[in-house]
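Please read the following report alongside the sequence and the coordinates.

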Amino acid sequence: MAMKWRSSILGMAVVCMVLLAACSPGPRDIDLGKEECAHCKMTVTDARFAAQLVTNTGKIHVYDAVECMAAAVNDNTVLEEDINSIWVMRHDAPGTFIDAAKAWYLRHEDIRSPMGMNLAAFETKTKYASEQQRIGGELYRWTGVRLLVAKEW
């Protein structure tokens with residue numbers, strides 16, 4: 001009887017480990033107006049600029065702006081080897097996160113981001129180009145955003 005009980009527990013543990021390993025940690029919904037930025041401690045209120053960093057252990061760091069997340073990565077607040085994924089909110093579709101490394105970033109003074117670097121993320125070059133044609137601005141990719149933040153912030 002005890003042997004069956006132990007086998008059952010071991011079996012359930014193995015199933016749980018397999019299920020957890022199959023799950024790739026990703027972003028989660030942000031409770032706007034209630035959560036604070038992991039970098040600057042401001043309350044996250046504007047979904048269009050939010051960002052998240054997910055560690056290898058599944059811990060999620062929420063940021064109120066792309067530049068806060070870039071600063072946290074630049075400052076080694078979270079070591080790069082501990083980062084599982086980084087996510088930014090689609091400026092044109094608040095509520096939809098995209099991989100920060102694949103995003104196209106537009107910087108323009110008319111984009112009023114919470115921290116003032118005026119960066120907006122777009123999922124595709126076409127969506128970026130449409131907004132850039134409408135208001136102007138400069139193109140950045142994730143590495144460029146990190147360099148910009150390191151230089152100007």
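The report takes up model confidence, one sheet with its packing helix, and salt bridges.

This is a predicted model, in which local features need pLDDT of at least 70 and side-chain atom pairs count only at pLDDT 80 or more, while totals for chains, interfaces and linings use all residues. Residues are numbered from 1 along each chain as its sequence is written, and side-chain values use heavy atoms, with hydrogens and water left out.

The protein chain has a mean pLDDT (the predictor's confidence in each residue, from 0 to 100) of 89, with 84% of its residues at 70 or more. Over residues 13-22, however, the pLDDT is below 50, and beyond near neighbours in sequence this stretch has zero contacts (heavy atoms within 4.5 Å) in the model.

Three strands (DSSP E runs of at least two residues; helices are H or I runs of at least four, both numbered from the N terminus) form an open antiparallel sheet in the order 6-5-7, where pairing requires at least two DSSP bridges between two strands. Its edges are strand 6 (119-122) and strand 7 (138-140), each of which pairs on one side only.

By the rule applied here (a side-chain nitrogen of Lys or Arg within 4 Å of a carboxyl oxygen of Asp or Glu), there are seven salt bridges, among them the following.

| Salt bridge | Closest N to O distance |
|---|---|
| E80 and R146 | 3.1 Å |
| R90 and E123 | 3.2 Å |
| R134 and E131 | 2.7 Å |

R134 and E131 lie three residues apart in helix 3, and are therefore separated by about one helical turn.
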